[in-house]
Amino acid sequence: MTGLYKSTYKNPLINWFDSRLPILSMMDKEYGSFPTPKNFNYFWNFGALATVNLAIMIITGVFLAMNYDPNADNAFASVQHIMRDVNYGWLLRYAHSNGASMFFIVVYIHMFRGLYYGSYKAPRELLWQLGVVILLLMMATAFMGYVLPWGQMSFWGAKVITNLFSAIPIVGNAVVTWLWGGFSVGAPTLNRFFSLHHLLPFVLTGVVFLHIVALHITGSNNPLGIEVKGPADTLPFHPYYTSKDSVGICVYLIVFAILVFFAPNSLGHADNYIPANPLSTPADIVPEWYFLPFYAILRSVPNKLLGVIMMFGSIAVLFAIPWLDTSKVRSARFRPLYRPFVALALPASLFLLGDVGAHSPSGIWIPLGRIGTAYYFFHFLVLMPFLGWIEKPLPLPESISSPVIKPSAVYQAETV
Amino acid sequence: MADSSTYIDHPSGGDVTKRDFLTLVAGAGGAILVGAIAWPLIDSMNPAADTLAVSAVEVDLKPVALGSGITLLWRGQPVFVRHRTTAEITEAVNTPLSALIDPSAPATDGDRVKAGHDQWLVLIAVCTHLGCIPLGNKAGEKRGDWGGYYCPCHGSQYDTSGRVRHGPAPANLVIPPYAFENDTKIKIG
């Protein structure tokens with residue numbers, strides 16, 4: 001269908017523009033008057049926070065790239081040049097490196113929100129899966145970004161992670177040589193990681209766009225996990241949620257600023273201030289904190305191929321969650337049996353795995369790692385399908401409005 | 001294209017038509033074209049010619065003390081050259097193949113060193129698990145329960161012949177191609 005869009009803007013100039021390219025009308029439809037469930041809690045801030053965080057990462061990253069040198073001989077020194085000589089270089093770098101940590105904090109909470117309130121269930125399966133794709137892209141981008149300072153942890157982290165692919169039967173070693181562009185992590189590896197680290201965030205932005213398109217087709221889930229019944233259940237996105245998101249953004253920026261200005265190296269590893277040395281492996285190779293649980297899963301299996309499969313499987317299982325969860329009820333608020341598992345046991349197992357991943361694999365850390373790994377897979381592959389069948393959920397409210405406007409109606413419904 | 005629904009692509013008998021042929025040829029041609037364009041991009045990421053040009057390394061063994069070893073770089077990879085003690089050689093020779101995690105050749109100690117030079121063990125110093133450099137080449141470093149090498153990353157252990165004895169590493173340390181030029185000099189590569 002062609003022809004001018006029937007813009008409703010009064011200003012003739014804006015109307016002229018919007019009739020030919022109706023992005024103003026589109027923005028108003030998707031972010032102005034967009035009907036949004038009126039019962040969001042602050043967990044629903046984290047999608048907006050992630051978007052803001054992505055923007056911060058791209059902006060600081062583009063400016064860092066203006067002063068960074070991806071040559072293996074100069075990379076380490078150029079990062080120090082950014083820190084010491086470039087005007088506000090320290091701020092750009094600390095905002096970027098701590099921004100990566102903030103990004104994972106925000107996205108992990110965003111995912112927990114989705115798990116707790118069942119946001120992955122029909123009709124939002126694809127929306128959830130696009131989110132898992134975003135997580136994978138984030139992980140790849142963060143990993144390659146961590147290599148760029150070319151310190152000891154950069155080098156040996158890159159060596160260990162790329163070597164994961166050598167577990168592939170038959171072609172494994174050829175794949176690793178191809179990834180490296182040589183027979184070890186070296187100058188060609190650093191160059192290609194820099195190239196891809198610059199590219200992937202834009203791919204990520206594309207998938208975020210699809211994630212939001214899918215969200216605006218199905219509409220948001222909400223803390224009650226029931227569908228919107230009518231206009232009484234919704235509020236326009238602006239000004240209600242633009243303002244609520246703004247509160248969250250302020251808190252987020254406070255936490256971010258505390259990290260950047262008072263503890264900029266607290267989440268990093270001191271060994272990365274030693275230039276990369278291919279002849280000396282650090283006593284303990286530890287990935288960044290946001291990879292620790294997955295690293296612990298890798299190390300909890302004493303077989304190389306199986307360990308790698310389990311580690312990738314821990315992400316792959318997330319794609320299947322919409323069908324692993326057999327419960328008809330979305331929100332864990334109405335699922336008395338499932339609620340403690342998703343709210344306490346799953347986060348506890350991940351914190352445990354994170355702690356295990358930070359310690360060298362000996363003594364008590366080996367059985368602890370296996371317990372954490374076992375629970376992680378048990379939760380998704382056994383508990384989710386099984387509890388959905390045997391659990392008797394609490395009665396759901398009739399609509400989003402009913403518990404808000406008439407609490408007595410819910411009380412009656414529950415007691416009848 | 002509003003009236004495309006009135007087109008009849010196939011005669012009612014379901015015979016193969018010229019249009020089917022054209023679709024197949026166009027599809028196959030397109031796939032070949034995409035592959036032909038993609039391959040140079042993919043192959044450009046493989047090691048470049050100057051990386052592949054293997055330069056051989058000559059190593060003087062005279063300064064390497066008994067019971068100790070040296071580490072050098074060959075093709076960007078670290079290589080261990082270790083001067084083994086008689087006790088270490090005896091232990092390696094007496095280990096039955098059935099005690100090994102990876103009994104594939106070269107697995108006997110005799111196959112892993114050059115005849116007549118069995119005090120010299122030459123290994124690519126890359127753990128077969130995830131590529132860390134094991135400890136133990138220098139005297140005084142942690143050598144693990146089998147007296148050879150210990151990988152600090154994930155706890156793999158190797159014996160005095162560089163054979164894996166404790167996981168997660170799946171394979172023995174690799175022996176690079178090398179030859180003795182005389183009794184105190186080897187050439188790797």
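Begin with the two chains displayed together: 23 residues of chain B are in contact with 27 residues of chain A. The model is a predicted one, and the tour proceeds from this interface into chain A.

**The side of chain B that touches chain A**

Select β2 (69–74) and β3 (77–83) of chain B; these are the elements that give two or more residues to the side touching chain A. Colouring that side of chain B by residue class shows twelve nonpolar, ten polar and one charged residues.

**Helix α4 of chain A**

Next, select residues 75–84 of chain A, which form helix α4, and pick out its buried residues: Ala75(A), Phe76(A), Ser78(A), Val79(A) and Ile82(A). On which side of α4(A) do they lie? They lie on the same side, because the arc they cover around the axis is only 165°. The general geometry of such a helix is 3.6 residues a turn, so residues three or four places apart point the same way. To see what these buried residues of α4(A) pack against, add α3 (46–65), α5 and α9 (187–218) of chain A to the view.

**Helix α5 with helix α10**

Keep α5 of chain A, residues 89–116, and add α10 of chain A, residues 237–262. Two packed helices are described by the angle between their axes and the distance between the axes. Here the axes come within 10 Å and cross at roughly 135°, which means that α5(A) is oblique to α10(A). The crossing of these two helices, α5(A) and α10(A), is right-handed.

Show the side chains at the contact. Helix α5(A) supplies Tyr94(A), Ala95(A), Asn98(A) and Met102(A), while α10(A) supplies Phe256(A), Leu259(A) and Val260(A). By class, the residues of this contact between α5(A) and α10(A) are six nonpolar, one polar and no charged.

While α10 of chain A is displayed, select Pro239(A), which is found in that helix. The peptide bond joining His238(A) and Pro239(A) is cis, with omega about 5°.

**Helix α5 with helix α6**

Return to α5(A) and add α6 of chain A, residues 125–147. The axes of α5(A) and α6(A) come within 12 Å and cross at roughly 160°. Is the arrangement of α5(A) and α6(A) roughly parallel or roughly antiparallel? Angles over 145 degrees count as roughly antiparallel, so α5(A) is roughly antiparallel to α6(A). This crossing, of α5(A) and α6(A), is left-handed.

The contact brings together Ala100(A), Phe103(A), Val107(A) and Gly114(A) of α5(A) with Trp128(A), Leu135(A), Met138(A), Ala142(A) and Gly145(A) of α6(A). Seven of the residues in the contact of α5(A) with α6(A) are nonpolar, two are polar and none is charged.

Then follow the loop between α5 and α6 of chain A to Pro123(A). Ala122(A) and Pro123(A) are joined by a cis peptide bond, with omega about 5°.

**Two residues with positive phi**

Move on to the loop between α6 and α7 (152–163) of chain A and select Trp150(A). Although Trp150(A) is not a glycine, its phi is positive, at about 60°. Trp150(A) is buried, because 25 other C-beta atoms lie within 10 Å.

The second stop is Ile170(A), in the loop between α7 and α8 (172–180) of chain A. Ile170(A), a residue other than glycine, has a positive phi near 65°. Is Ile170(A) buried or exposed? It has 7 C-beta neighbours inside 10 Å and therefore counts as exposed.

**Two contacts across the sequence of chain A**

Select Val329(A), in the loop between α12 (304–324) and α13 (338–357) of chain A. Val329(A) has 19 C-beta neighbours inside 10 Å, so it counts as partly exposed. Which residues does Val329(A) touch, not counting those up to four places away in sequence? They are Gly225(A), Phe334(A), Arg335(A), Pro393(A) and Leu396(A). Display Leu224(A) as well: it is 105 residues from Val329(A) along the chain, and their C-alpha atoms are separated by 9.5 Å.

Finish at Leu381(A), in helix α14 (residues 365–390) of chain A. Leu381(A) counts as partly exposed because it has 14 C-beta neighbours inside 10 Å. Beyond its neighbours within four places in sequence, Leu381(A) is in contact with Val317(A) and Leu324(A). Leu381(A) and Val317(A) are 64 residues apart in sequence, yet 8.1 Å apart in space, C-alpha to C-alpha.

Technical notes:
Residues numbered from 1 in each chain as written. Chains lettered and ligands numbered in written order. Predicted model: local features only at pLDDT ≥ 70, side-chain atom pairs only at ≥ 80, totals over all residues. Axes fitted to C-alpha atoms, helices over the stretch in contact; angles between N-to-C directions. Helix = DSSP H or I, 4+ residues; strand = E, 2+ residues; numbered from the N terminus. Parallel < 35°, antiparallel > 145°, perpendicular 65-115°, else oblique. Left-handed = near helix turned anticlockwise from the far one by under 90°. Contact = placed C-beta atoms within 7 Å. Nonpolar A, V, L, I, M, F, W, Y, C, P; charged D, E, K, R; others polar. Buried ≥ 20, exposed ≤ 12 C-beta atoms within 10 Å, placed from the backbone. Arc of directions from axis to C-beta.
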